[in-house]
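Subject: The structure I promised you

Hi,

Here is the structure we talked about, with the sequence alongside. Open it in your viewer, and then read on for what I found.

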Amino acid sequence: MTRIVEAQDRGALARLLAGEVAAVLEGAIGDTGCAVLAVPGGTTPAAFLSALGGHALDWGAVAVTLSDERCVPADHPRSNRRLLDETLFAGPARAARFVALDDAQALSTLQPLDACVLGMGEDLHIASLFPGADRLGEALSEECGAPALRLRAPGAPEERITLTAPVLTGAGRCFVLIHGAEKRAALDRARTAADTADAPVRLVLDGPDPATVYWAP
């Protein structure tokens, strides 16, 4: 059953999730000497990323990648990498190693992820796994051999690149960060969806070790 962690406001939620993810990374570093983290872009995770980046971890032992990216230059206003530079990497976490999604060789060495944080849209997409995307079936397949795929989503002006199902479901801990009544209602709607292609968030909510959802009004 999906666990939902609630907070009274979005700032408190960001700090709660940052503390949880920091603890996962610290544990992984203690166990293996390194940790691997995937984080989302967009506007929702900004406060969380800033809070996480301020934690006093051995960031030099952490590799960071994105759950998805728009295929635009890194300094473009819509670039998720730019968001990381302005939030996560603005503090001590700048010592972490960033691995771009289009670096397939490096990305393949990062599995399994120790922690993966995802956003969710009201259309029930996670990462760039949008209902109706042109390569969604391939990206959702547990047989997909690529850690990341390029695809095009309905209504999106740019091509996207996204982590695929085996990487997302293989993460040691997975978290979904959402805000507002509309997203909470969408989460409830996902439970009744007939197929994962209609509600890609089900990919990480179903199964024996479902993602923990962090929500604030």
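Let's start with a small detail in helix α3 (residues 80-86): Arg82 and Glu86 sit four residues apart there, so about one helical turn separates them. Before we go on, keep in mind that this is a predicted model. The reason the spacing matters is a general one: an α-helix has 3.6 residues a turn, so residues three or four places apart point the same way. In this pair, the two side chains meet in a salt bridge, at 3.1 Å from N to O. The idea behind such pairs is that side chains of opposite charge can pair when their charged atoms come close. As for its surroundings, Arg82 is partly exposed, with 29% relative accessibility.

How many salt bridges does the structure hold? There are nine. Two others are worth a look:

- Arg135 and Glu138 form one of them, with their closest N and O atoms 3.2 Å apart. Glu138 is partly exposed at 38% relative accessibility, and Arg135 is partly exposed at 30%.
- Arg202 and Asp206 form another, at 2.8 Å from N to O. Here Asp206 is partly exposed, at 37%, whereas Arg202 counts as buried, at 18%. If you wonder why 18% gets that label, the cut-off for buried is under 20% relative accessible area.

Now for the sheets. One is an open sheet of seven strands, and its pairing is parallel. Try tracing the order on screen: β1-β10-β9-β6-β2-β3-β5. The strands at the edges are β1 (4-6) and β5 (97-98), each of which pairs on one side only. Inside the sheet, β9 (residues 173-179) runs parallel to β10 (residues 212-216), and five bridges join them. To find your place in this pair, look for Leu177, which stands opposite Tyr214 in β10.

Two helices to look at next are α1 and α7. Helix α1 (residues 10-32) lies across β1, β2 (35-39), β3 (62-66), β6 (115-118), β9 and β10, and it runs at about 170° to β9. Helix α7 (residues 180-190) also packs on the sheet, where it touches β1, β9 and β10, and its direction makes about 130° with that of β9.

Which residues of α7 are buried? They are Gly180, Lys183, Ala186, Leu187 and Ala190. These residues cover an arc of only 105° around the axis, so they lie on the same side of α7. What they pack against is β1, α1, β9, α8 (202-205) and β10.

Strand β9 has one more residue to click on: His179. This histidine is buried, at 15% relative accessible area. Leaving out residues up to four places away in sequence, His179 touches Arg10, Leu13, Thr44, Trp215 and Ala216.

Next, the inside. The largest nonpolar core has 85 residues, and Val21 and Phe48 are the ones that touch the most other members. Helix α1 gives the most to this core, with 11 residues. What does Phe48 touch, not counting residues up to four places away in sequence? Its contacts are Ala14, Leu17, Ala18, Val21, Val39, Val117 and Leu177. You have already met Leu177, the residue opposite Tyr214 in β10.

Finally, there is another open sheet, this one with three strands in the order β4-β8-β7 and antiparallel pairing. Strands β4 and β7 are the edges: each has a single partner strand, so one side of each is left without a neighbour in the sheet. On average, neighbouring strands of this sheet are turned by 15° against each other, direction ignored.

Here is how the strands join up. Three bridges link β4 (residues 68-70) to β8, and in that pair Asp68 has Thr162 as its bridge partner. Four bridges link β7 (residues 148-151) to β8, with Arg150 standing opposite Ile161. The side chains of β8 (residues 160-163) are fun to look at: Arg160 and Thr162 point one way, Ile161 and Leu163 point the other way, and all are buried.

Have a play with it, and send me any questions.

Cheers

Terms used:
Residues are numbered from 1 along each chain as its sequence is written. This is a predicted model: local features need pLDDT of at least 70, side-chain atom pairs count only at pLDDT 80 or more; totals for chains, interfaces and linings use all residues. Side-chain values use heavy atoms; hydrogens and water are left out. Two strands pair if DSSP finds at least two bridges between them. Contact means heavy atoms within 4.5 Å. Axes are lines fitted to C-alpha atoms, for helices over the stretch in contact, and angles run from 0 to 180 degrees between N-to-C directions. A nonpolar core is a set of buried Ala, Val, Leu, Ile, Met, Phe, Trp, Tyr and Cys residues joined through side-chain atoms within 4.5 Å. Buried means under 20% relative accessible area, exposed over 50%, partly exposed in between (1.4 Å probe, protein chains only). A salt bridge is a side-chain nitrogen of Lys or Arg within 4 Å of a carboxyl oxygen of Asp or Glu. The arc is that of the directions from the helix axis to the C-beta atoms.
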